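Biologist: Could we go through this model together? I should like to begin with the terms and then move to the details.

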Amino acid sequence: MKRLIWIISLVLVGMLLPAAAARADNPIVQTIYTADPAPLVYNGRVYLYTGHDEDGSTYFTMKEWRVWSSADMVNWTDHGSPLSLTTFSWAKSDAWAGQAVYRNGRFYWYVPTTNRATGRMAIGVAVSDSPTGPFKDALGHPLVENGEIDPTVFIDDDGQAYLYWGNPHLWYLRLNADMISYSGSPAQIPLTTAGFGTRTGDPNRPTLFEEGPWVYKRNGLYYNVFAAKCCSEFIGYSTSPSPTGPWTYRGTVMPTQGGSFTNHPGVIDFQGGSYFFYHNGALPGGGGFTRSVAVEKFTYNPDGTIPTMNMTTAGAPQIGSLDPYVRQEAETIAWESGVETEPAGEGGMNVGYIQNGDSIKVKGVAFGAGASSFSARVASGTSGGTIELRRDTVNGTLMGTCAVPGTGGWQTWTTVSCTVTGAMGTHDLYFKYTGGSGYLFNVNWWQFQHA
């Protein structure tokens with residue numbers, strides 16, 4: 001059903017929009033619905049932790065969390081799901097908005113989920129030695145529980161870590177250095193109109209704060225960016241001279257827009273630029289329960305305030321270029337049409353469910369003086385098909401054609417190669433998949449060879 005909706009929607013979009021719209025890069029993931037972005041900069045990459053809205057959802061039906069990463073902000077690698085409800089023996093449902101942080105050589109992922117024993121939302125913490133997992137439950141029970149959601153974590157310059165969360169209130173606690181316990185008791189941050197703006201029409205919610213806080217520090221100033229009002233939400237923010245307040249409401253980061261009645265912020269600095277992550281309902285079949293993560297690059301105003309941003313289909317500009325002469329995961333994607341991903345028998349993920357006419361765009365590939373050949377790791381449980389290497393557009397200059405044979409199984413892998421011509425300079429690379437009916441083959445990785 002997902003594929004049918006996708007195909008129909010693409011046809012309709014193609015009829016309604018100019019050709020340039022096909023080159024859009026937002027939302028940044030198209031293989032599944034994603035929500036609640038939580039970016040983390042580590043070791044020269046952005047790791048993006050998200051929720052996963054199930055296809056066809058009519059509620060926040062979420063069973064797992066996902067991880068993606070990018071070195072250039074446009075080509076995103078799918079690392080699958082290293083954390084799910086089954087990770088927590090005490091969790092019943094609702095894999096909702098969390099955040100991961102790095103400390104002491106380990107990665108700590110704080111997530112809200114429903115405690116089976118109490119029926120209330122609780123905050124759990126999972127830990128891993130790798131940013132892509134797998135993660136395991138650090139405690140075997142909730143870290144903290146008061147029925148509220150959306151944890152964000154911030155480590156101050158003095159080493160003190162804070163956990164914030166809440167809807168309808170805003171709470172914080174001081175985490176210990178081990179990141180899985182805390183000192184003192186949870187405390188409420190007073191939700192004053194001076195601190196969080198004025199909401200009208202709801203006497204129980206006098207301020208704009210709704211949920212999804214994202215707390216960070218920049219140039220000595222503390223920022224709390226949050227989902228505001230309801231419903232539909234916009235993104236507002238407040239600032240403070242300390243991590244615990246007093247907070248001052250500063251205005252709108254992103255107005256209400258985008259086809260989803262919720263939104264959720266994530267803010268980072270990376271490679272000299274500032275980036276704002278959010279979600280919307282922009283993909284085919286998208287809406288308030290089938291959301292997709294997107295990103296914009298921005299520049300702070302001279303006084304440290306955040307400019308108001310609108311959602312775009314262009315997304316962030318590429319940082320540098322992609323090297324095709326090192327092995328690249330097939331699930332590294334700027335934009336795709338029709339394909340999906342799945343765990344690979346050789347480890348990691350592979351691109352699968354490929355049908356005739358499906359495609360993947362990899363943006364800004366630096367071929368340099370030229371490539372002479374191309375190799376790919378492939379598998380097919382049927383008779384295979386063909387990988388067409390196209391330049392700049394899905395039907396652009398054909399640089400090579402690689403035949404994929406049947407291998408006897410969808411996880412029975414072999415490496416195929418083909419000659420390449422015209423692969424010079426820096427171009428967008430399109431993999432166009434062709435063949436007969438049904439699913440054709442899977443791809444695990446690819447690599448070009450120098451001329």
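Modeller: Certainly. Buried means under 20% relative accessible area. C418, with a relative accessible area of 11%, is therefore buried. Please keep in mind that this is a predicted model.

Biologist: Which residue forms a disulfide with C418?

Modeller: C402 does; the sulfur atoms of C402 and C418 are 2.5 Å apart. The link of C402 and C418 is left-handed, with -110° about the S-S bond. C402 lies in strand 31 and C418 in strand 32 (residues 409-419), so the disulfide ties together parts that are 16 residues apart in sequence.

Biologist: And C402, buried or exposed?

Modeller: C402 is buried, at 0% relative accessibility.

Biologist: How many disulfides are found in the whole structure?

Modeller: The search finds two disulfides. Besides the link of C402 and C418, there is a disulfide between C230 and C231, with an S to S distance of 1.7 Å. C230 is partly exposed, with a relative accessible area of 32%. With the bonded cysteines numbered in sequence order, the pairing is 1-2, 3-4.

Biologist: Staying with strand 31, where does L398 lie?

Modeller: L398 is in that strand, which covers residues 397-404. L398 is partly exposed, with a relative accessible area of 40%.

Biologist: Which residues does L398 touch, leaving out those up to four places away in sequence?

Modeller: L398 touches E388, L389 and R390. As for P324, its C-alpha atom is separated from that of L398 by 17 Å, and the two residues are 74 residues apart along the chain.

Biologist: Let us change topic. How many salt bridges are there?

Modeller: The count comes to 13 salt bridges. One of them joins the side chains of R291 and D53, at 2.8 Å from N to O. R291 lies in the loop between strand 21 (273-280) and strand 22 (292-298), and D53 in strand 2 (residues 45-53), so the pair ties together parts that are 238 residues apart in sequence.

Biologist: Is that pair buried or exposed?

Modeller: R291 is buried, with a relative accessible area of 3%, and D53 is buried as well, with a value of 0%.

Biologist: What is the salt-bridge partner of R66?

Modeller: The side chain of R66 meets that of D78, at 3.2 Å from N to O. R66 belongs to strand 3 (residues 64-70) and D78 to strand 4 (residues 76-78); the pair is 12 residues apart. R66 is buried at 8% relative accessibility, and D78 is buried with a relative accessible area of 3%.

Biologist: And what does E346 pair with?

Modeller: E346 forms a salt bridge with R377, at 2.7 Å from N to O. E346 sits in the loop between strand 26 (340-343) and strand 27 (349-352), while R377 is in strand 29 (residues 371-380), and the two are 31 residues apart. E346 counts as partly exposed, at 40% relative accessibility.

Biologist: Which residues are linked in a network of salt bridges?

Modeller: D25, K361 and K363 are linked in such a network.

Biologist: Now the sheets. In what order do strands 12, 13, 14 and 15 come?

Modeller: The four strands form an open sheet in the order 12-13-14-15, with antiparallel pairing. Strand 12 (152-155) and strand 15 (182-188) stand at the edges with a single partner strand each, so one side of each has no neighbour in the sheet. On average, neighbouring strands of this sheet are turned by 20° against each other, direction ignored.

Biologist: How many bridges join strand 14 to strand 15?

Modeller: Four bridges join strand 14 (residues 171-175) to strand 15, and these strands run antiparallel. For Y172, the bridge partner in strand 15 is A187.

Biologist: One last topic, the interior. How many residues has the largest nonpolar core?

Modeller: The largest nonpolar core has 43 residues, and those with the most contacts inside it are Y49, W109, V225, F276 and I306. There is also a second, separate core of 32 residues, which includes A330, V365, V416 and F441.

Biologist: Is there a general tendency behind such cores?

Modeller: Yes; in soluble globular proteins, nonpolar side chains tend to be buried together.

Methods: Residues are numbered from 1 along each chain as its sequence is written. This is a predicted model: local features need pLDDT of at least 70, side-chain atom pairs count only at pLDDT 80 or more; totals for chains, interfaces and linings use all residues. Side-chain values use heavy atoms; hydrogens and water are left out. A nonpolar core is a set of buried Ala, Val, Leu, Ile, Met, Phe, Trp, Tyr and Cys residues joined through side-chain atoms within 4.5 Å. Buried means under 20% relative accessible area, exposed over 50%, partly exposed in between (1.4 Å probe, protein chains only). Contact means heavy atoms within 4.5 Å. A salt bridge is a side-chain nitrogen of Lys or Arg within 4 Å of a carboxyl oxygen of Asp or Glu. Two strands pair if DSSP finds at least two bridges between them. Axes are lines fitted to C-alpha atoms, for helices over the stretch in contact, and angles run from 0 to 180 degrees between N-to-C directions. A disulfide is a pair of cysteine sulfur atoms within 2.5 Å.
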